[in-house]
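Biologist: I want to learn how to read this fold, feature by feature. Where do we begin?

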Amino acid sequence: MPVAASAVYFLNLRGDVLINRMYRDDVGGNMVDAFRTHIMQTKELGTCPVRQIGGCSFLYMRISNVYIVTVVSSNANAACAFKFVVEAVALFKSYFGGAFDEDAIRNNFVLIYELLDEIMDFGYPQNLSPEILKLYITQEGVRSPFSSKQQDTRPPANATLQVTGAVGWRREGLVYKKNEVFLDIVESVNLLMSQKGTTLRCDVTGKILMKCFLSGMPDLKLGLNDKIGLEKEAQAKARPSRSGKTIELDDVTFHQCVNLTRFNTEKTVSFVPPDGEFELMKYRITEGINLPFRVLPSIKELGRTRMEVNVKVKSVFGAKMFALGVVVKVPVPKHTAKASFQVSSGRAKYNAALDCLVWKVRKFPGQTELTMSAEVELISTMVEKKSWTRPPIQMEFQVPMFTASGLRVRFLKVWEKSGYNTVEWVRYITRAGSYEIRC
(Lines give C-alpha, C1' and ligand atoms only; values in the text may rest on other atoms or scores of the structure.)
Protein backbone atom coordinates (compact mmCIF):
# COMPACT_ATOMS: atom_id res chain seq x y z
CA MET A 1 0.00 0.00 0.00
CA PRO A 2 1.41 3.46 -0.80
CA VAL A 3 1.91 6.16 1.77
CA ALA A 4 -1.41 8.03 1.32
CA ALA A 5 -0.18 10.80 3.62
CA SER A 6 -2.71 13.19 5.06
CA ALA A 7 -0.20 15.87 6.07
CA VAL A 8 3.54 16.57 6.22
CA TYR A 9 5.10 18.82 8.89
CA PHE A 10 8.59 20.28 9.20
CA LEU A 11 9.34 21.12 12.84
CA ASN A 12 12.38 22.49 14.61
CA LEU A 13 13.75 21.04 17.84
CA ARG A 14 11.39 23.19 19.92
CA GLY A 15 8.35 21.86 18.06
CA ASP A 16 7.64 25.04 16.10
CA VAL A 17 6.12 24.47 12.67
CA LEU A 18 8.48 25.65 9.93
CA ILE A 19 6.44 24.37 6.97
CA ASN A 20 3.41 22.13 6.64
CA ARG A 21 1.29 20.85 3.79
CA MET A 22 -2.17 19.29 4.15
CA TYR A 23 -2.93 16.78 1.40
CA ARG A 24 -6.21 15.31 2.72
CA ASP A 25 -9.10 16.49 4.88
CA ASP A 26 -9.32 13.31 6.97
CA VAL A 27 -7.16 14.81 9.75
CA GLY A 28 -7.49 18.04 11.66
CA GLY A 29 -5.16 20.97 11.47
CA ASN A 30 -4.13 20.54 15.12
CA MET A 31 -2.42 17.17 14.63
CA VAL A 32 0.95 18.77 15.24
CA ASP A 33 -0.21 19.66 18.78
CA ALA A 34 -0.77 15.96 19.48
CA PHE A 35 2.76 15.22 18.24
CA ARG A 36 4.24 17.84 20.57
CA THR A 37 2.20 16.75 23.59
CA HIS A 38 2.40 12.97 23.30
CA ILE A 39 5.84 12.50 21.73
CA MET A 40 8.13 15.54 22.00
CA GLN A 41 7.22 16.61 25.54
CA THR A 42 7.32 13.03 26.84
CA LYS A 43 10.87 12.59 25.45
CA GLU A 44 9.91 9.51 23.45
CA LEU A 45 11.47 10.71 20.21
CA GLY A 46 14.22 8.11 20.27
CA THR A 47 12.12 5.07 21.12
CA CYS A 48 10.11 4.33 17.97
CA PRO A 49 9.75 6.32 14.72
CA VAL A 50 6.09 5.29 14.33
CA ARG A 51 3.44 6.23 16.91
CA GLN A 52 -0.36 5.97 16.87
CA ILE A 53 -2.35 8.70 18.57
CA GLY A 54 -6.11 9.05 18.33
CA GLY A 55 -6.59 6.92 15.23
CA CYS A 56 -3.73 8.56 13.31
CA SER A 57 -0.18 7.35 12.77
CA PHE A 58 2.81 9.69 13.11
CA LEU A 59 5.91 8.66 11.15
CA TYR A 60 8.78 10.97 11.97
CA MET A 61 12.47 11.31 11.23
CA ARG A 62 15.10 13.78 12.38
CA ILE A 63 17.39 15.30 9.75
CA SER A 64 19.95 17.72 11.20
CA ASN A 65 17.92 20.04 13.49
CA VAL A 66 14.59 19.43 11.73
CA TYR A 67 11.88 16.84 12.41
CA ILE A 68 9.91 15.70 9.37
CA VAL A 69 6.55 14.28 10.48
CA THR A 70 4.22 12.40 8.14
CA VAL A 71 0.64 12.00 9.40
CA VAL A 72 -1.49 9.17 7.97
CA SER A 73 -5.00 8.12 8.92
CA SER A 74 -4.90 4.71 7.21
CA ASN A 75 -2.68 1.65 7.46
CA ALA A 76 0.06 3.02 5.21
CA ASN A 77 3.40 1.53 4.24
CA ALA A 78 5.88 2.89 6.81
CA ALA A 79 8.95 1.90 4.76
CA CYS A 80 7.58 3.78 1.77
CA ALA A 81 6.93 6.84 3.93
CA PHE A 82 10.50 6.94 5.24
CA LYS A 83 11.86 6.33 1.74
CA PHE A 84 9.83 9.32 0.57
CA VAL A 85 11.33 11.49 3.33
CA VAL A 86 14.90 10.44 2.47
CA GLU A 87 14.39 11.10 -1.23
CA ALA A 88 12.69 14.43 -0.51
CA VAL A 89 15.59 15.58 1.67
CA ALA A 90 18.04 14.61 -1.08
CA LEU A 91 15.96 16.68 -3.49
CA PHE A 92 15.96 19.71 -1.19
CA LYS A 93 19.73 19.43 -0.71
CA SER A 94 20.25 19.45 -4.47
CA TYR A 95 18.38 22.77 -4.65
CA PHE A 96 19.96 24.28 -1.51
CA GLY A 97 23.58 23.50 -2.38
CA GLY A 98 23.91 20.48 -0.09
CA ALA A 99 22.48 21.92 3.15
CA PHE A 100 19.24 20.95 4.89
CA ASP A 101 18.54 22.51 8.28
CA GLU A 102 16.24 25.05 9.89
CA ASP A 103 17.99 28.02 8.26
CA ALA A 104 17.81 26.42 4.80
CA ILE A 105 14.07 25.84 5.22
CA ARG A 106 13.39 29.39 6.38
CA ASN A 107 15.37 30.80 3.45
CA ASN A 108 13.66 28.61 0.85
CA PHE A 109 10.07 28.16 2.06
CA VAL A 110 8.55 29.32 -1.24
CA LEU A 111 10.62 26.80 -3.21
CA ILE A 112 9.83 24.03 -0.72
CA TYR A 113 6.08 24.60 -1.04
CA GLU A 114 6.40 24.40 -4.82
CA LEU A 115 8.38 21.18 -4.58
CA LEU A 116 5.95 19.63 -2.07
CA ASP A 117 3.12 20.21 -4.52
CA GLU A 118 5.06 18.40 -7.24
CA ILE A 119 6.45 15.42 -5.31
CA MET A 120 3.18 14.40 -3.62
CA ASP A 121 -0.34 14.41 -5.05
CA PHE A 122 -3.31 13.79 -2.73
CA GLY A 123 -0.93 12.03 -0.33
CA TYR A 124 0.69 9.76 -2.93
CA PRO A 125 4.41 10.16 -3.77
CA GLN A 126 5.27 11.27 -7.29
CA ASN A 127 8.56 11.80 -9.09
CA LEU A 128 11.37 12.83 -6.72
CA SER A 129 14.27 12.79 -9.18
CA PRO A 130 16.29 16.04 -8.90
CA GLU A 131 17.43 15.67 -12.52
CA ILE A 132 13.85 15.72 -13.78
CA LEU A 133 12.37 18.31 -11.40
CA LYS A 134 15.15 20.78 -12.17
CA LEU A 135 14.11 20.74 -15.80
CA TYR A 136 10.82 22.52 -15.13
CA ILE A 137 11.24 23.96 -11.61
CA THR A 138 14.17 26.17 -12.46
CA GLN A 139 14.02 28.43 -9.42
CA GLU A 140 17.35 28.41 -7.59
CA GLY A 141 17.40 27.94 -3.85
CA VAL A 142 19.23 30.17 -1.39
CA ARG A 143 22.49 28.34 -0.78
CA SER A 144 24.06 28.01 2.63
CA PRO A 145 27.31 29.99 2.99
CA PHE A 146 28.90 26.88 4.55
CA SER A 147 28.14 24.63 1.57
CA SER A 148 31.08 23.82 -0.70
CA LYS A 149 29.05 21.96 -3.29
CA GLN A 150 28.55 23.56 -6.67
CA GLN A 151 25.09 23.50 -8.16
CA ASP A 152 24.53 21.73 -11.43
CA THR A 153 24.56 24.41 -14.13
CA ARG A 154 24.34 22.12 -17.14
CA PRO A 155 21.56 23.21 -19.50
CA PRO A 156 18.46 21.04 -19.61
CA ALA A 157 18.11 19.02 -22.80
CA ASN A 158 14.73 17.98 -24.16
CA ALA A 159 12.70 18.64 -21.00
CA THR A 160 9.52 17.11 -22.39
CA LEU A 161 11.23 13.80 -23.06
CA GLN A 162 12.83 13.79 -19.62
CA VAL A 163 9.52 14.44 -17.85
CA THR A 164 7.30 12.11 -19.84
CA GLY A 165 9.76 9.55 -21.22
CA ALA A 166 10.86 6.23 -19.74
CA VAL A 167 14.48 7.32 -19.19
CA GLY A 168 14.04 9.85 -16.42
CA TRP A 169 17.31 9.06 -14.64
CA ARG A 170 19.57 10.23 -17.48
CA ARG A 171 19.71 13.50 -19.40
CA GLU A 172 20.45 13.72 -23.09
CA GLY A 173 23.42 15.39 -24.72
CA LEU A 174 26.19 13.95 -22.49
CA VAL A 175 29.60 13.94 -24.16
CA TYR A 176 32.88 12.47 -22.85
CA LYS A 177 36.30 12.43 -24.50
CA LYS A 178 36.96 8.94 -23.13
CA ASN A 179 34.01 6.58 -22.69
CA GLU A 180 34.55 4.35 -19.67
CA VAL A 181 32.52 1.98 -17.50
CA PHE A 182 33.73 0.91 -14.06
CA LEU A 183 32.04 -2.10 -12.46
CA ASP A 184 32.68 -3.29 -8.90
CA ILE A 185 31.29 -6.50 -7.40
CA VAL A 186 31.44 -6.12 -3.62
CA GLU A 187 30.49 -9.08 -1.42
CA SER A 188 30.19 -9.52 2.35
CA VAL A 189 30.58 -12.99 3.85
CA ASN A 190 28.40 -13.81 6.86
CA LEU A 191 29.57 -16.94 8.68
CA LEU A 192 28.95 -18.66 11.99
CA MET A 193 31.13 -21.72 12.54
CA SER A 194 31.21 -24.15 15.45
CA GLN A 195 34.31 -24.98 17.46
CA LYS A 196 34.69 -28.24 15.53
CA GLY A 197 34.66 -26.49 12.18
CA THR A 198 31.01 -27.18 11.27
CA THR A 199 29.30 -24.36 9.40
CA LEU A 200 26.19 -23.32 11.32
CA ARG A 201 25.19 -20.39 9.10
CA CYS A 202 26.70 -19.02 5.93
CA ASP A 203 25.51 -16.63 3.27
CA VAL A 204 26.88 -13.92 1.00
CA THR A 205 25.27 -10.54 0.39
CA GLY A 206 26.58 -8.68 -2.61
CA LYS A 207 26.04 -5.61 -4.70
CA ILE A 208 27.16 -4.48 -8.14
CA LEU A 209 28.30 -0.87 -8.23
CA MET A 210 28.80 0.98 -11.49
CA LYS A 211 30.36 4.26 -12.51
CA CYS A 212 29.53 5.28 -16.07
CA PHE A 213 31.11 8.03 -18.12
CA LEU A 214 29.43 7.39 -21.46
CA SER A 215 28.32 9.77 -24.17
CA GLY A 216 24.85 9.89 -25.62
CA MET A 217 22.12 7.44 -24.61
CA PRO A 218 23.87 4.03 -24.43
CA ASP A 219 22.19 0.66 -23.96
CA LEU A 220 24.14 -1.77 -21.77
CA LYS A 221 23.80 -5.51 -21.40
CA LEU A 222 25.44 -7.35 -18.50
CA GLY A 223 25.99 -11.11 -18.51
CA LEU A 224 26.69 -13.06 -15.31
CA ASN A 225 27.31 -16.75 -14.67
CA ASP A 226 23.81 -17.04 -13.22
CA LYS A 227 22.43 -20.56 -13.65
CA ILE A 228 18.95 -19.51 -14.81
CA GLY A 229 20.35 -16.88 -17.15
CA LEU A 230 22.74 -19.34 -18.78
CA GLU A 231 19.96 -21.88 -19.25
CA LYS A 232 17.80 -19.24 -20.94
CA GLU A 233 20.67 -18.26 -23.19
CA ALA A 234 21.35 -21.89 -24.12
CA GLN A 235 17.68 -22.42 -24.98
CA ALA A 236 17.65 -19.34 -27.20
CA LYS A 237 20.72 -20.58 -29.10
CA ALA A 238 19.43 -24.20 -29.18
CA ARG A 239 22.67 -25.62 -27.83
CA PRO A 240 23.94 -26.85 -24.44
CA SER A 241 25.57 -24.42 -22.06
CA ARG A 242 29.36 -24.65 -21.62
CA SER A 243 30.06 -21.98 -19.04
CA GLY A 244 31.62 -23.88 -16.18
CA LYS A 245 30.51 -23.05 -12.67
CA THR A 246 27.11 -21.44 -12.30
CA ILE A 247 25.46 -19.85 -9.28
CA GLU A 248 21.91 -19.25 -8.12
CA LEU A 249 21.07 -15.70 -7.08
CA ASP A 250 18.52 -15.12 -4.32
CA ASP A 251 16.66 -11.97 -3.29
CA VAL A 252 17.74 -9.91 -6.31
CA THR A 253 16.81 -6.22 -6.39
CA PHE A 254 17.61 -3.85 -9.25
CA HIS A 255 18.05 -0.17 -9.90
CA GLN A 256 15.08 1.43 -11.65
CA CYS A 257 17.06 1.66 -14.89
CA VAL A 258 17.01 -2.15 -15.41
CA ASN A 259 14.48 -3.50 -17.91
CA LEU A 260 12.57 -5.93 -15.65
CA THR A 261 10.42 -7.27 -18.49
CA ARG A 262 13.50 -8.38 -20.38
CA PHE A 263 15.03 -9.81 -17.23
CA ASN A 264 11.93 -11.89 -16.47
CA THR A 265 11.76 -13.31 -19.99
CA GLU A 266 15.43 -13.58 -21.01
CA LYS A 267 17.20 -13.35 -17.62
CA THR A 268 19.55 -10.69 -18.99
CA VAL A 269 20.36 -7.43 -17.23
CA SER A 270 19.67 -4.72 -19.83
CA PHE A 271 19.61 -1.05 -18.90
CA VAL A 272 20.26 2.54 -19.88
CA PRO A 273 22.59 3.65 -17.07
CA PRO A 274 22.42 6.89 -15.10
CA ASP A 275 25.35 9.22 -15.50
CA GLY A 276 28.02 8.76 -12.83
CA GLU A 277 27.99 6.36 -9.90
CA PHE A 278 25.02 4.18 -8.92
CA GLU A 279 24.12 0.77 -7.49
CA LEU A 280 22.95 -1.53 -10.26
CA MET A 281 21.72 -4.49 -8.19
CA LYS A 282 21.81 -6.34 -4.89
CA TYR A 283 21.70 -10.08 -4.34
CA ARG A 284 22.13 -12.83 -1.76
CA ILE A 285 23.60 -16.34 -2.15
CA THR A 286 23.22 -19.21 0.31
CA GLU A 287 24.71 -22.19 -1.54
CA GLY A 288 28.06 -23.05 -3.09
CA ILE A 289 29.99 -20.46 -1.06
CA ASN A 290 33.81 -20.50 -1.11
CA LEU A 291 35.03 -19.32 2.28
CA PRO A 292 38.22 -17.26 2.00
CA PHE A 293 39.61 -18.34 5.41
CA ARG A 294 39.62 -21.37 7.68
CA VAL A 295 40.12 -20.70 11.37
CA LEU A 296 41.14 -23.37 13.91
CA PRO A 297 41.09 -22.00 17.46
CA SER A 298 42.24 -23.70 20.66
CA ILE A 299 41.67 -22.07 24.07
CA LYS A 300 42.69 -23.87 27.25
CA GLU A 301 42.05 -22.61 30.76
CA LEU A 302 45.00 -23.60 32.97
CA GLY A 303 43.67 -23.14 36.46
CA ARG A 304 42.20 -19.88 37.71
CA THR A 305 44.96 -17.51 36.60
CA ARG A 306 46.21 -18.66 33.21
CA MET A 307 44.92 -19.31 29.72
CA GLU A 308 46.60 -20.63 26.60
CA VAL A 309 45.33 -19.43 23.23
CA ASN A 310 46.35 -20.88 19.85
CA VAL A 311 44.77 -19.75 16.60
CA LYS A 312 45.58 -21.04 13.12
CA VAL A 313 44.26 -19.14 10.12
CA LYS A 314 44.58 -20.57 6.62
CA SER A 315 43.75 -18.68 3.44
CA VAL A 316 42.05 -20.95 0.92
CA PHE A 317 41.94 -18.60 -2.07
CA GLY A 318 44.48 -18.62 -4.91
CA ALA A 319 48.19 -18.36 -4.23
CA LYS A 320 48.51 -15.34 -6.52
CA MET A 321 45.93 -13.38 -4.53
CA PHE A 322 46.19 -11.81 -1.09
CA ALA A 323 43.97 -10.35 1.61
CA LEU A 324 44.40 -6.89 3.07
CA GLY A 325 43.71 -5.59 6.56
CA VAL A 326 43.15 -8.99 8.20
CA VAL A 327 42.13 -8.63 11.85
CA VAL A 328 41.41 -11.56 14.19
CA LYS A 329 39.72 -10.75 17.51
CA VAL A 330 39.91 -13.49 20.14
CA PRO A 331 37.74 -12.80 23.22
CA VAL A 332 39.19 -13.19 26.72
CA PRO A 333 37.66 -12.81 30.21
CA LYS A 334 37.13 -9.34 31.65
CA HIS A 335 39.56 -10.00 34.49
CA THR A 336 42.53 -10.45 32.14
CA ALA A 337 45.72 -8.84 33.43
CA LYS A 338 48.13 -9.15 30.50
CA ALA A 339 49.10 -11.37 27.59
CA SER A 340 52.32 -12.37 25.81
CA PHE A 341 52.28 -13.31 22.13
CA GLN A 342 54.09 -15.25 19.45
CA VAL A 343 52.91 -14.69 15.88
CA SER A 344 54.19 -16.03 12.58
CA SER A 345 53.26 -12.76 10.87
CA GLY A 346 51.76 -9.42 11.78
CA ARG A 347 51.30 -7.93 15.26
CA ALA A 348 49.15 -8.84 18.24
CA LYS A 349 48.17 -7.08 21.45
CA TYR A 350 45.65 -7.25 24.28
CA ASN A 351 42.85 -4.67 24.01
CA ALA A 352 41.35 -4.12 27.47
CA ALA A 353 38.53 -1.94 26.13
CA LEU A 354 37.27 -4.73 23.86
CA ASP A 355 38.23 -7.63 26.19
CA CYS A 356 39.96 -9.45 23.37
CA LEU A 357 43.30 -10.29 21.79
CA VAL A 358 43.68 -8.39 18.52
CA TRP A 359 45.89 -9.92 15.84
CA LYS A 360 46.51 -7.81 12.75
CA VAL A 361 48.08 -8.93 9.48
CA ARG A 362 48.53 -6.20 6.88
CA LYS A 363 48.91 -8.54 3.89
CA PHE A 364 47.83 -12.20 4.00
CA PRO A 365 48.93 -14.25 0.93
CA GLY A 366 46.76 -16.99 -0.52
CA GLN A 367 47.30 -20.68 0.31
CA THR A 368 49.16 -19.68 3.47
CA GLU A 369 48.75 -20.71 7.10
CA LEU A 370 49.60 -18.25 9.87
CA THR A 371 49.49 -18.86 13.62
CA MET A 372 49.18 -16.86 16.81
CA SER A 373 50.00 -18.20 20.27
CA ALA A 374 49.31 -16.29 23.47
CA GLU A 375 49.70 -16.86 27.18
CA VAL A 376 47.06 -14.94 29.08
CA GLU A 377 47.37 -14.09 32.77
CA LEU A 378 44.15 -13.53 34.73
CA ILE A 379 43.59 -11.55 37.91
CA SER A 380 43.10 -13.84 40.88
CA THR A 381 40.47 -12.83 43.43
CA MET A 382 38.90 -14.52 46.42
CA VAL A 383 35.41 -14.03 45.02
CA GLU A 384 34.18 -17.06 43.13
CA LYS A 385 33.71 -16.14 39.50
CA LYS A 386 30.90 -17.21 37.22
CA SER A 387 31.74 -19.57 34.41
CA TRP A 388 33.03 -17.67 31.39
CA THR A 389 30.74 -17.81 28.36
CA ARG A 390 33.08 -17.70 25.41
CA PRO A 391 31.99 -15.25 22.70
CA PRO A 392 32.92 -16.22 19.13
CA ILE A 393 36.14 -15.20 17.40
CA GLN A 394 35.59 -12.42 14.88
CA MET A 395 37.47 -11.67 11.67
CA GLU A 396 37.82 -8.63 9.45
CA PHE A 397 39.38 -8.75 5.99
CA GLN A 398 39.22 -7.62 2.40
CA VAL A 399 40.20 -9.85 -0.51
CA PRO A 400 40.56 -8.12 -3.90
CA MET A 401 39.74 -10.01 -7.10
CA PHE A 402 37.93 -12.78 -5.19
CA THR A 403 34.23 -13.54 -4.81
CA ALA A 404 33.02 -15.97 -2.19
CA SER A 405 29.89 -16.66 -4.22
CA GLY A 406 31.78 -17.43 -7.42
CA LEU A 407 29.93 -14.68 -9.29
CA ARG A 408 31.69 -13.62 -12.49
CA VAL A 409 31.01 -11.12 -15.23
CA ARG A 410 30.87 -12.98 -18.55
CA PHE A 411 30.40 -9.89 -20.67
CA LEU A 412 29.49 -6.22 -20.55
CA LYS A 413 28.26 -4.91 -23.88
CA VAL A 414 27.74 -1.23 -24.65
CA TRP A 415 25.71 -0.14 -27.67
CA GLU A 416 25.21 3.43 -28.76
CA LYS A 417 24.04 4.67 -32.14
CA SER A 418 27.27 6.62 -32.75
CA GLY A 419 29.26 3.39 -32.36
CA TYR A 420 32.09 4.74 -30.18
CA ASN A 421 34.62 2.49 -28.45
CA THR A 422 34.24 1.85 -24.73
CA VAL A 423 36.74 0.86 -22.06
CA GLU A 424 35.31 -1.52 -19.42
CA TRP A 425 36.91 -2.04 -16.01
CA VAL A 426 35.76 -4.86 -13.70
CA ARG A 427 36.87 -5.36 -10.10
CA TYR A 428 35.92 -7.97 -7.46
CA ILE A 429 36.12 -7.39 -3.69
CA THR A 430 35.15 -9.73 -0.83
CA ARG A 431 34.83 -8.40 2.71
CA ALA A 432 33.92 -9.81 6.09
CA GLY A 433 30.37 -9.12 7.11
CA SER A 434 29.72 -11.18 10.24
CA TYR A 435 32.59 -13.69 10.20
CA GLU A 436 32.45 -15.52 13.55
CA ILE A 437 33.96 -18.77 14.81
CA ARG A 438 32.92 -20.24 18.14
CA CYS A 439 35.75 -21.22 20.42
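**Reading strands, helices and cores**

Modeller: Begin with one residue pair: Lys221 has Ser270 of β12 opposite it. This is a predicted model, in which local features need pLDDT of at least 70 and side-chain atom pairs need pLDDT 80 or more, while totals for chains, interfaces and linings use all residues. Residues are numbered from 1 along each chain as its sequence is written, and side-chain values use heavy atoms, without hydrogens or water.

Biologist: How many helices and strands does the protein chain have?

Modeller: Both are DSSP runs, numbered from the N terminus: helices are H or I with at least four residues, strands are E with at least two. The protein chain has 8 helices and 23 strands.

Biologist: Which strand order does the sheet with β12 have?

Modeller: Strands count as paired if DSSP finds at least two bridges between them. Here β10 (residues 219-224) and β12 run antiparallel and share 3 bridges. They belong to an open, antiparallel sheet of 3 strands, ordered β12-β10-β22. Its edges are β12 (269-271) and β22 (409-415), each pairing on one side only. For twist, compare axes: lines fitted to C-alpha atoms, with angles from 0 to 180 degrees between N-to-C directions. Neighbouring strands in this sheet are turned by 10 degrees against each other on average, direction ignored.

Biologist: What is the strand order in the open sheet of 4 strands?

Modeller: The order is β14-β15-β20-β17, again with antiparallel pairing. β14 and β17 (336-343) are the edge strands, paired on one side only. The average turn between neighbours is 15 degrees, direction ignored.

Biologist: How many bridges hold β14 and β15 together?

Modeller: There are 10, between β14 (residues 293-302) and β15 (residues 306-315), in the antiparallel sense. Glu301 has Met307 of β15 as its bridge partner. The two strands form a hairpin with 3 residues between them, and Gly303 in that turn has a positive phi of about 80 degrees. On to the next pairing: β15 and β20 (residues 369-378) run antiparallel, joined by 9 bridges. One of these pairs matches Glu308 with Glu375 in β20.

Biologist: What fraction of the protein chain counts as buried?

Modeller: Buried means under 20% relative accessible area, exposed over 50%, and partly exposed in between, using a 1.4 Å probe and protein chains only. Of 439 residues, 42% are buried. The accessible surface comes to about 23,400 Å², with 50% of it on carbon and sulfur atoms; such areas come from the Shrake-Rupley method with a 1.4 Å probe, and for residues only the protein chains shown count as cover.

Biologist: Which residues of helix α4 are buried?

Modeller: First the general rule. An α-helix has 3.6 residues a turn, so residues three or four places apart point the same way. In α4 (residues 109-119), the buried ones are Leu111, Ile112, Leu115, Leu116 and Ile119. They line one face of α4, because they fall within an arc of 135 degrees seen down its axis; the arc is taken from the directions from helix axis to C-beta atoms.

Biologist: What covers the buried residues of α1?

Modeller: In α1 (residues 31-40), Met31, Val32, Ala34, Phe35, Ile39 and Met40 are buried. Their arc spans 160 degrees, so these residues too line one face. Their cover includes β1 (7-12), β2 (17-22), β3 (50-53), β4 (56-63) and β5 (66-72).

Biologist: Which members of the largest nonpolar core touch the most other members?

Modeller: A nonpolar core is a set of buried Ala, Val, Leu, Ile, Met, Phe, Trp, Tyr and Cys residues joined through side-chain atoms within 4.5 Å. The largest here has 67 residues; Ile208, Met210, Leu222, Phe271, Leu280, Phe293 and Val309 touch the most other members. Strand β8 (residues 180-193) gives the largest share, 6 residues. A second, separate core of 33 residues includes Ala5, Val85, Ala88 and Leu91.

Biologist: Is Gly206 buried or exposed?

Modeller: Gly206 is buried, at 7% relative accessible area. It sits in strand β9. Contact means heavy atoms within 4.5 Å. Beyond four places in sequence, Gly206 is in contact with Val186, Glu187, Met281, Lys282 and Tyr283. Tyr283 is 77 residues away in sequence, yet 5.4 Å away C-alpha to C-alpha.
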